[in-house]
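Please walk me through this structure in the viewer, one selection at a time. What should be selected next, and what is there?

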Amino acid sequence: VAAAAAIDRARGAIAAFWGDWLDGLRLLARTWLAAVLLGFAAVTGVGEGVMLTLFVVFVTDVLESGGAGYGLVISAQAAGGLVGGVLVARLGGGITPVRLLAGSAVGVGLIDLCTFTYPLAWPVLWPAVALMVVVGFPFAALSAARATLQQTAVEDAYLGRLLGTFGTTSALAMVVGIVIAGTLGQVV
């Protein structure tokens, strides 16, 4: 009897979770900014999933840098994010969140493009380390702008449901990116 009750509670919790997520998606249909941000979260979530899966392979195999090189690159990214966060807090106040999001997304994309193409001509580690530090600024700006826009996209009464929808959608998109990378990683 206790096991059946536990199963019923779990089913109810799962149904409530998906119901709340669907309610959040319905809310997006009424708010264009939230809908655009959800699309952005889905696209970047897939990209993050691919990066999580293949970045270690990029550093260890393409740059031939092993685990220590991977640790150095990831540490450089973290340091760049910390410095970027401080700089965004000091310098980003005069820029609208929409412009900050757009500009920083372009900045992250261009730096990532440089990061993954320079080894075609020069497969050494140190440019990746430097680029990971530099990408910290636009990535911090992107994160701040996205969070600001998400928090102002709907009335406060709906904010929790909307943020939950963003988080769930982003996480599901990351799973899709991981599956894509895991499946096509050897081919590409």
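Accessible areas here come from the Shrake-Rupley method with a 1.4 Å probe. On that basis, the chain has an accessible surface of about 10,900 Å², and 72% of this surface belongs to carbon and sulfur atoms. The model is predicted.

**The whole chain**

Start with the whole chain shown as a cartoon. It has 7 helices and 0 strands, and from the N terminus on the order of elements reads α-α-α-α-α-α-α. Along the principal axes, the C-alpha atoms fill a box of roughly 60 × 50 × 25 Å.

Next, colour by burial. Of the 188 residues in the chain, 32% are buried. Among contacts with a separation of 6 or more, 78% are made by residues 24 or more positions apart.

Then select the charged side chains. There are 8 positive and 9 negative ones, and the centres of the two sets are 10 Å apart.

**The largest nonpolar core**

In soluble globular proteins, nonpolar side chains tend to be buried together. For this chain, select Val-73 and Leu-162. Within the largest nonpolar core, which has 34 residues, these two touch the most other members. Two or more residues of this core come from each of helix 1 (2-28), helix 2 (32-62), helix 3 (66-91), helix 4 (97-117), helix 5 (126-134), helix 6 (136-152) and helix 7 (159-184). Helix 2 supplies the largest share, 7 residues.

Stay on Leu-162 and show what surrounds it. Beyond its neighbours within four places in sequence, Leu-162 is in contact with Leu-27, Leu-28, Ala-34, Gln-150, Ala-153 and Val-154.

**The loop between helix 1 and helix 2**

Two of those residues, Ala-153 and Val-154, come up again at the next stop. Select Thr-31, in the loop between helix 1 and helix 2. Not counting residues up to four places away in sequence, Thr-31 touches Ala-153 and Val-154. Is Thr-31 buried or exposed? Its relative accessible area is 15%, so Thr-31 is buried.

**Val-59 in helix 2**

Move to Val-59, which is placed in helix 2. Val-59 counts as buried because its relative accessibility is 0%. Which residues does Val-59 touch, leaving out those up to four places away in sequence? They are Glu-64, Ser-65, Gly-66, Gly-69, Tyr-70, Val-73 and Leu-125. Val-73 is also one of the two residues that touch the most other members of the largest nonpolar core.

For a sense of distance, add Thr-152 to the selection. Val-59 and Thr-152 are 93 residues apart in sequence, and their C-alpha atoms are 38 Å apart in space.

**The loop between helix 2 and helix 3**

Select Leu-63, found in the loop between helix 2 and helix 3. Leu-63 has a relative accessible area of 4%, so it is buried. Apart from neighbours within four places in sequence, Leu-63 is in contact with Phe-58, Tyr-118, Pro-119, Pro-123, Val-124, Leu-125 and Ala-128. To see a long span, add Asp-20: the C-alpha atoms of Leu-63 and Asp-20 are separated by 44 Å, with their positions 43 residues apart along the chain.

Go on to Glu-64, in the loop between helix 2 and helix 3. Is Glu-64 buried or exposed? Glu-64 is exposed, because its relative accessible area is 69%. Check its backbone as well: Glu-64 is not a glycine, yet it has a positive phi of about 50°.

Now select Ser-65, in the loop between helix 2 and helix 3. With a relative accessible area of 19%, Ser-65 is under the 20% limit and therefore buried. A polar atom of the Ser-65 side chain lies 3.0 Å from the backbone oxygen of Leu-63. Leaving aside neighbours within four places in sequence, Ser-65 is in contact with Val-59, Thr-60 and Leu-125.

**Gly-81 in helix 3**

The last selection is Gly-81, in helix 3. How much of Gly-81 is accessible, and what does that make it? Its relative accessible area is 31%, so Gly-81 is partly exposed. Gly-81 touches Gly-136 and Ala-140, not counting residues up to four places away in sequence. Add Ala-153 to finish: Gly-81 and Ala-153 are 72 residues apart in sequence and 25 Å apart in space, C-alpha to C-alpha.

Conventions
Residues are numbered from 1 along each chain as its sequence is written. This is a predicted model: local features need pLDDT of at least 70, side-chain atom pairs count only at pLDDT 80 or more; totals for chains, interfaces and linings use all residues. Side-chain values use heavy atoms; hydrogens and water are left out. Helices (H or I, at least four residues) and strands (E, at least two) are DSSP runs, numbered from the N terminus. Buried means under 20% relative accessible area, exposed over 50%, partly exposed in between (1.4 Å probe, protein chains only). Contact means heavy atoms within 4.5 Å. Lys and Arg count as positive and Asp and Glu as negative; His and the chain ends are not counted. The place of a charge is taken as NZ of Lys, CZ of Arg, CG of Asp or CD of Glu. A nonpolar core is a set of buried Ala, Val, Leu, Ile, Met, Phe, Trp, Tyr and Cys residues joined through side-chain atoms within 4.5 Å. A polar contact is a pair of N or O atoms within 3.5 Å; within protein, one must be able to donate a hydrogen and the other to accept it, and residues adjacent in sequence count only if both atoms are side-chain atoms.
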